[in-house]
Amino acid sequence: MFTGLVQKVGTLKQLARAHGGWTLTVAHEAWNDTLVLGESIAVQGACLTVTDFGNGYFTADLLDETLQRTALHQLREGSRVNLERALALGDRLGGHIVSGHVDETGTLYQIEDRGRDVAWRMRCSTGLARQTVMKGSIAIDGVSLTVSGLDDTSVEVNLIPHTLQATSLCDRKPGDLLNLEGDILGKYVARLLGRDTPSSSITEEMLRANGFL
C-alpha cells in the first residue's frame, strides 16, 4: 500500500524487452534506507517489484498487460517518474490509501491557471467517475490529489506549485495519458450498491431511506 505522497522523482534509463516481458530501469538519488530486493515501489502510481538495484538505480519487471493498462508505455529514456516506496506501519498517512493498481489511463485535456494554482481536467470512464466524489481523493501518476470538479466522463483537480515542482506532473501537457487510480473506498461502495452485482439488495434508494445518503 502507498499514500500518494511522492518521495523522489527518478529518471527512466531504460524500458526494454527481456525474457518475454519488459524490464524497467530507473535512476534516482539515494534513499535514507537501502532498497530491498523484492520490495514494492510505485512508479508513476504503478506498483512494481524491485528485481535488482545498485548505487543510484533499480530495475523492475513488467508484464505486457502492465504496459497496456498504464501510461508507462509512453515513457521515453530520460522521462521523469514519480517514486514512492511502500507504506510502513507507523508512517504518517498524509495522502490517502493507494494500492498502486492503476484502474485506467485518462487523458489530460485542459490546463487552466487559477491564480497561484493550476486546474487540470482529465477524461475518464463513467465507471471511475461514479466511484469518485467531490472533495474525495484520486491518484494521478501516483500523486494523491483532491477532486475539485466532476461529471460523468471527467475529473478535475487543482495543483499547488509545490506539487508541480516536487513531482513529474510538471512535465505533463494536454493530450498526455495519465495513470488513474480511484479511491478504494469508492470501489467498495460501488460494489455494495450493486453496480457490478445486479442481485445486490443494497441500493441507493435503500441507503437514502435509512439516512445514509
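R76 sits in the loop between α1 and β6. The model is predicted, and in it this arginine is exposed, with a relative accessible area of 54%. The side chain of R76 is not without a partner. One of its polar atoms lies 3.1 Å from the backbone oxygen of H73. R76 can also be placed relative to Q14. The two are 62 residues apart in sequence, and their C-alpha atoms are 7.9 Å apart in space.

H73 leads on to L67, since L67 is in contact with H73. L67 belongs to helix α1, which covers residues 64–69. L67 has a relative accessible area of 9%, under the 20% limit, and is therefore buried. Setting aside neighbours within four places in sequence, its contacts also include L15, W22, L62 and L72. L12 stands 55 residues from L67 in sequence, with 15 Å between the two C-alpha atoms.

The chain as a whole gives these residues their setting. Its secondary structure comprises five helices and 12 strands. For 213 residues, a compact globule would have a radius of gyration near 17 Å; the value here is 18 Å, so the two agree. The C-alpha trace spans about 60 × 40 × 35 Å along its principal axes. Of the 213 residues, 43% are buried. Contacts often bridge long stretches of sequence: among those between residues at least 6 apart, 66% join residues at least 24 apart.

The surface and the charges were also computed. The protein chain exposes about 11500 Å². Carbon and sulfur atoms supply 51% of that area. There are 20 positive and 26 negative side chains. The centres of the two sets lie 3 Å apart.

E39 is one of the residues treated individually. It is found in the loop between β2 (21–27) and β3 (40–43). Its relative accessibility is 15%, so E39 counts as buried. The side chain of E39 reaches the backbone nitrogen of V36 at 2.7 Å. Beyond residues up to four places away in sequence, E39 touches T34, L48, T49, V50 and R85.

Two residues other than glycine are notable for backbone angle. Most residues other than glycine have a negative phi. H19 has a positive phi, near 55°. D141 also has a positive phi, near 50°. H19 is placed in the loop between β1 (8–18) and β2, while D141 lies in the loop between β9 (137–140) and β10 (143–150). Their accessibilities fall in opposite classes. At 88% relative accessibility, H19 counts as exposed. At 2%, D141 counts as buried.

A glycine with positive phi occurs just after α4. This is G194, with a phi of about 90°. Helix α4 itself covers residues 184–192. D183 caps its N-terminal end. A side-chain oxygen of D183 lies 3.0 Å from the backbone nitrogen of L185.

The loop between β6 (80–85) and β7 (104–114) holds D91. L93 lies in the loop between β6 and β7 as well. D91 has a relative accessibility of 45% and counts as partly exposed. L93, at 47%, also counts as partly exposed. Outside its neighbours within four places in sequence, L93 is in contact with T3 and L87. The C-alpha atoms of L93 and Q7 are separated by 13 Å, and the two residues are 86 apart along the chain. D91 and R191 are 100 residues apart in sequence, with 29 Å between their C-alpha atoms.

Terms used:
Residues numbered from 1 in each chain as written. Predicted model: local features only at pLDDT ≥ 70, side-chain atom pairs only at ≥ 80, totals over all residues. Heavy atoms only, no water. Helix = DSSP H or I, 4+ residues; strand = E, 2+ residues; numbered from the N terminus. Rg over C-alpha atoms; globule rule 2.2 N^0.38 Å. Buried < 20%, exposed > 50% of the residue type's maximum accessible area, 1.4 Å probe, protein only. Contact = heavy atoms within 4.5 Å. Areas by Shrake-Rupley, 256 points an atom, 1.4 Å probe, with all protein chains shown as cover. Lys, Arg positive; Asp, Glu negative; His and termini not counted. Charge placed at Lys NZ, Arg CZ, Asp CG, Glu CD. Polar contact = N/O pair within 3.5 Å; in protein donor to acceptor, adjacent residues only side chain to side chain.
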